[in-house]
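Work through the exercises below with the structure in view. Each task is followed by a solution in steps.

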Amino acid sequence: WKEQGGRAADANLWFRPLDMQNEAAWYRAARQDAWLDIHGPRIPFDGEGFVNDALRCWRQDPAQAVVCAMRGDETVGVLQLDLERHAGQDVGYIPFVYMTPQHRKQGLGVQLIGQAVSVYRPLGRRYLRLRCAPDNAVAQRFYRKYGFIKVGEDGLVGSEMCIRDSFRSIGEIYWIRTESSVTAFCRSAGRIWRSAAGMNTIFW
């Protein structure tokens, strides 16, 4: 799968581990950008709390839990996975999906979801689950497009360990992908997801 005609959606992203010991500042900046884009300045941003939660996930598997999406040598996004949360329910939880502003609305974000599938399917997870702010209409359309459905609401934003008490009233929305939807997504995508080590995984 290669770029054709210069279309951004044809770009084959690859993924490398984000080193939370040395790149925490980049992660924090991405989290802050996403937070301000959704909530604005009206709700304080707890950068330290988000970084601590990412460190917790990163320690679960430094190679896969927090990764940068790369287009060539340029970092265009970040994906954070919590490999332990909801594991007993056959659920793969995604705390954070982020694309840099200049790479949004170009059809690239689906590759981050594909990367999550490539990590969670070998672990036997049948579902993907994440939160989406109720007033984030753009993200909601994106997730619906790729088979996510709303399964409930929660008063928490982000991780319970850092901002439970401060933002109880936000009412984040949970989305979940069924196994059949994951399979359909993989078939329709027909794309090759490349790891930092150069290994290719083809979904069918």
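**Exercise 1. A helix and its surroundings**

Task: Find which residues of α3 are buried, and state what follows for the helix.

Solution. The model is a predicted one.
Step 1. The buried residues of α3 are V110, Q111, L112, I113, G114, Q115, A116, V117, S118, V119 and Y120.
Step 2. That is 11 of the 11 residues of α3, so the helix is largely enclosed by the rest of the structure.

**Exercise 2. One residue of that helix**

Task: Decide whether V119 is buried or exposed, and list what V119 touches beyond its sequence neighbours.

Solution.
Step 1. V119 belongs to helix α3, which spans residues 110–120.
Step 2. Its relative accessibility is 4%. The limit for a buried residue is under 20%, so V119 counts as buried.
Step 3. Leaving aside residues up to four places away in sequence, V119 touches Q64, L81 and L83.
Step 4. A65 lies 54 residues from V119 along the chain, and the C-alpha atoms of the two are separated by 8.8 Å.

**Exercise 3. Two helices that pack**

Task: Describe how α1 and α2 are arranged, and what kinds of residues form their contact.

Solution.
Step 1. Helix α1 covers residues 24–39 and helix α2 covers residues 47–60. Their axes are 9 Å apart, at an angle of about 120°.
Step 2. Angles of 65 to 115 degrees count as roughly perpendicular and those over 145 as roughly antiparallel; α1 and α2 are therefore oblique to each other.
Step 3. The crossing of α1 and α2 is right-handed.
Step 4. On the α1 side the contact is made by A24, Y27, R28, R31 and W35, and on the α2 side by G47, E48, F50, V51 and A54.
Step 5. Sorted by type, the residues of this contact are six nonpolar, one polar and three charged.

**Exercise 4. Positive phi in two loops**

Task: Where are D90 and K105 found, and how exposed are D90 and K105?

Solution.
Step 1. D90 is not a glycine, yet has a positive phi of about 60°. D90 sits in the loop between β3 (74–82) and β4 (91–99).
Step 2. With a relative accessible area of 31%, D90 is partly exposed.
Step 3. K105 is not a glycine either, and has a positive phi of about 60°. The loop between β4 and α3 holds K105.
Step 4. K105 has 79% relative accessibility and therefore counts as exposed.

**Exercise 5. The whole chain**

Task: Give the secondary structure of the chain and the share of buried residues.

Solution.
Step 1. The chain has six helices and nine strands.
Step 2. Of its 204 residues, 50% are buried.

How values were computed: Residues are numbered from 1 along each chain as its sequence is written. This is a predicted model: local features need pLDDT of at least 70, side-chain atom pairs count only at pLDDT 80 or more; totals for chains, interfaces and linings use all residues. Side-chain values use heavy atoms; hydrogens and water are left out. Axes are lines fitted to C-alpha atoms, for helices over the stretch in contact, and angles run from 0 to 180 degrees between N-to-C directions. Helices (H or I, at least four residues) and strands (E, at least two) are DSSP runs, numbered from the N terminus. Angles under 35 degrees count as roughly parallel, over 145 as roughly antiparallel, 65 to 115 as roughly perpendicular and the rest as oblique. A crossing is left-handed if the near helix is turned anticlockwise from the far one by less than a right angle, and right-handed if clockwise. Contact means heavy atoms within 4.5 Å. Ala, Val, Leu, Ile, Met, Phe, Trp, Tyr, Cys and Pro count as nonpolar, Asp, Glu, Lys and Arg as charged, and the others, Gly among them, as polar. Buried means under 20% relative accessible area, exposed over 50%, partly exposed in between (1.4 Å probe, protein chains only).
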